[in-house]
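This report looks at aromatic rings, a nonpolar core and a pocket in one protein chain. Have the sequence and the model at hand while reading.

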Amino acid sequence: MSKNQKADIKITFGLSSFKIESFNSKIPKKEPENFGYNVTISRKYFNTSAKFNVKIEVSAKKSSEAKTSYCKLITETIFDIECKQKIDALPFDLRMNLVSVAYSTTRGVLFTKTENSFISNTPLPLLNIEELKKQDRKKKKEGK
């Protein structure tokens, strides 16, 4: 193998756990104007324990500046990672696939928890992969 070729790294994964850390709601009957979501996604790979953790916080608010929310959901998804070689970081595409699974699961929980309200009729925004890439680059520069 030449110096420029990368060895194939075989990585497998499985869902270790999914939990709802918290959920609270004060949902009015009528949908307010300027309603939207604030979504925060944090993720971390723990190479010592071979775990990938995704924490998602979703707040449904009248506006992004509003201090109070109609509902707030925090979930945590943990994936087991298996790789024969030692790796310090997961490939970006794999990380985004795992984040996507966690996000979709969180979306389903939010829909179920807010059933028969305007929130359940308003889907979460799509994942912005470019924004997640920027966050990853920033963390890498900061050495986190």
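The count of aromatic pairs comes to 5. The structure is a predicted model. A pair of aromatic rings is described by the distance of the centres and the angle of the planes. Two of the pairs are set out below.

| Pair | Distance of centres | Angle of planes | Class |
|---|---|---|---|
| Phe13 and Phe79 | 6.4 Å | 80° | edge-to-face |
| Phe35 and Tyr70 | 6.4 Å | 40° | tilted |

The planes of Phe13 and Phe79 stand at 80°, so this pair is edge-to-face, since angles over 60 degrees are given that class. It joins distant parts of the chain: Phe13 belongs to strand 1 (residues 11–25) and Phe79 to strand 4, with their positions 66 residues apart in the numbering. Phe13 is partly exposed because its relative accessible area is 46%. Phe79 has a relative accessible area of 2% and is therefore buried.

For Phe35 and Tyr70 the angle is 40°, so the pair is tilted. Here, too, distant parts of the chain are linked: Phe35 lies in the loop between strand 1 and strand 2, and Tyr70 in the loop between strand 3 and strand 4, 35 residues apart. Both Phe35 and Tyr70 are buried. Together with Tyr37 and Phe118, these two residues form one aromatic cluster.

Tyr37 also has a place in the largest nonpolar core. This core has 29 residues, and those that touch the most other members are Tyr37, Phe52, Val54, Leu90, Leu110 and Ile119. Two or more core residues come from each of strand 2 (36–46), strand 3 (51–61), strand 4 (71–83) and helix 1 (92–113). Helix 1 gives the largest share, 9 residues.

What does Phe52 touch, leaving aside residues up to four places away in sequence? Its contacts are Arg43, Lys44, Tyr45, Thr77, Ile78, Phe79, Ile81, Leu90, Arg95, Leu98 and Val99. Phe79, from the edge-to-face pair, is thus among the residues that Phe52 touches.

Tyr37 appears once more, in the lining of the second largest pocket, along with Val39, Thr40, Ile41, Tyr103, Pro125, Leu126, Leu127, Asn128, Glu131, Leu132 and Gln135. The space in this pocket is about 200 Å³. Strand 2 and helix 2 (129–142) are the elements that give two or more residues to the lining, and the largest share, 4 residues, comes from strand 2. By class, the lining has 8 nonpolar, 3 polar and 1 charged residues.

Terms used:
Residues are numbered from 1 along each chain as its sequence is written. This is a predicted model: local features need pLDDT of at least 70, side-chain atom pairs count only at pLDDT 80 or more; totals for chains, interfaces and linings use all residues. Side-chain values use heavy atoms; hydrogens and water are left out. A nonpolar core is a set of buried Ala, Val, Leu, Ile, Met, Phe, Trp, Tyr and Cys residues joined through side-chain atoms within 4.5 Å. Buried means under 20% relative accessible area, exposed over 50%, partly exposed in between (1.4 Å probe, protein chains only). Contact means heavy atoms within 4.5 Å. On a 1 Å grid over the protein atoms alone, a cavity is a set of points where a 1.4 Å probe fits but cannot get out, and a pocket is an open set with protein on both sides within 12 Å along at least five of seven lines; lining residues have an atom within 4 Å of a point. Grid points are joined across faces, edges and corners, and a volume is the space filled by probe spheres set on the points. Ala, Val, Leu, Ile, Met, Phe, Trp, Tyr, Cys and Pro count as nonpolar, Asp, Glu, Lys and Arg as charged, and the others, Gly among them, as polar. Rings of Phe, Tyr and Trp (its six-membered ring) pair if their centres lie within 6.5 Å; planes under 30 degrees apart count as stacked, over 60 as edge-to-face and the rest as tilted.
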